[in-house]
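Reader: I would like to go through the pockets, cavities and one helix contact of this model. Please show it before we start.

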Amino acid sequence: MKTQRAADNKLVIHLDRREKQLLVQVLGLYPRIPPAHQPLSKSARLPDHEAGQQLLNEALAEQRAANRRQVQALLAEDRRFEEKPDGWQVSFSQPEVEWLLEVLNDVRVGSWIILGSPEEKLGKLTRENAPHFWAMEMAGYFQMELLHALAD
Amino acid sequence: MPEILPGSVQVAEEKPKSDLEPGYLVICWNDPVNYMDYVTHVFQKVFGWPRKKAEFHMLQVHEQGKSVLTRESLERAEHYVHQLQKHSLHATMERDE
């Protein structure tokens, strides 16, 4: 994967054939974080705490539904990925890159949660947990590439 | 009681913290899954901080297990927690006692 800034501040990404397939697979896993996963407060000493928690859960659920629709639209948009002799080229605006980072991080963190939220290294790799480990690492790979491109 | 001289200006006494509108701390907690670069990036984006300040708080999260990011009204604190959780960071709000 190679990235470069275009004149209009878009980020142009070159993917080889395998990388495009992997990116599509990773994005297709979104969303992975279970609904109502995060508490609004650890102490719960907030006025109307339950209502606040409910509001947070609803806001995150709406956001994920909108992101899911946007992921599906991106994957269905044939002309978005332009075929090149050595792979594929796709360009994203700055807000789209920010959105991609958010989506990829959901896949990464959600996969980690499915793996049991291990504090350190994952235990034994098994047939059951390998796909989740793969998803966590692949999402992280694309995330870091995008973050490095933004920092350049 | 303070003596008030003619022509002097009476300055309002500072209220104790407990009498003021309660504040809410927005806290980010450490986890082993979010990349340090990503956490820094999200802090910059959500709070509009310069990179150095964002890195300072990211390192505090990483090394001390948590960082108090800001003290806000209830509504503002909720807004920031929503934003941070939207980016899948482990963030909560707690009443500032």
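Author: Ala, Val, Leu, Ile, Met, Phe, Trp, Tyr, Cys and Pro count as nonpolar, Asp, Glu, Lys and Arg as charged, and the others, Gly among them, as polar. The model is predicted.

Reader: How many residues of each class are in the lining of the largest pocket?

Author: The largest pocket holds about 230 Å³ of space. Its lining has 16 residues, and those closest to the centre are His37(A), Gln38(A), Trp112(A), Asp31(B) and His90(B). By class, the lining of this pocket comes to two charged, seven polar and seven nonpolar residues.

Reader: How many cavities of 30 Å³ or more are there, and what volume has the largest cavity?

Author: The count of cavities of 30 Å³ or more is three. For the largest cavity, the volume is about 70 Å³.

Reader: Which element gives the largest share of the lining of the largest cavity?

Author: The lining consists of Tyr30(A), Leu60(A), Gln63(A), Arg64(A), Asn67(A), Glu102(A), Asp106(A), Lys86(B) and Ser88(B). Two elements of chain A, α2 (49–76) and α3 (94–114), give two or more residues to this lining. By class, the lining has four charged, three polar and two nonpolar residues. The largest share, four residues, comes from α2(A).

Reader: How many nonpolar, polar and charged residues line the second largest cavity?

Author: The space in the second largest cavity is about 40 Å³. Met1(A), Ile13(A), Leu23(A), Phe92(A), Leu100(A), Leu104(A), Phe142(A) and Leu146(A) line this cavity, with at least two residues supplied by each of α3 and α4 of chain A. The class count for the lining is no charged, no polar and eight nonpolar residues.

Reader: At what angle do the axes of helix α4 of chain A and helix α1 of chain B cross, and what does that make α4(A) relative to α1(B)?

Author: Helix α4 of chain A spans residues 130–151 and helix α1 of chain B spans residues 36–47; their axes come within 10 Å and cross at roughly 55°. Because of that angle, α4(A) is oblique to α1(B).

Reader: Which residues make the contact, and is the crossing left-handed or right-handed?

Author: On α4(A), the contact is made by Gln143(A), Met144(A), Leu147(A), His148(A) and Leu150(A), and on α1(B) by Asp37(B), Tyr38(B) and His41(B). By class, this contact has four nonpolar, three polar and one charged residues. The crossing of α4(A) and α1(B) is left-handed.

Conventions
Residues numbered from 1 in each chain as written. Chains lettered and ligands numbered in written order. Predicted model: local features only at pLDDT ≥ 70, side-chain atom pairs only at ≥ 80, totals over all residues. Heavy atoms only, no water. 1 Å grid on protein atoms, 1.4 Å probe; cavity = no way out; pocket = protein on both sides within 12 Å on 5 of 7 lines; lining within 4 Å. Points joined across faces, edges and corners; volume = space filled by probe spheres on them. Axes fitted to C-alpha atoms, helices over the stretch in contact; angles between N-to-C directions. Parallel < 35°, antiparallel > 145°, perpendicular 65-115°, else oblique. Left-handed = near helix turned anticlockwise from the far one by under 90°. Contact = heavy atoms within 4.5 Å.
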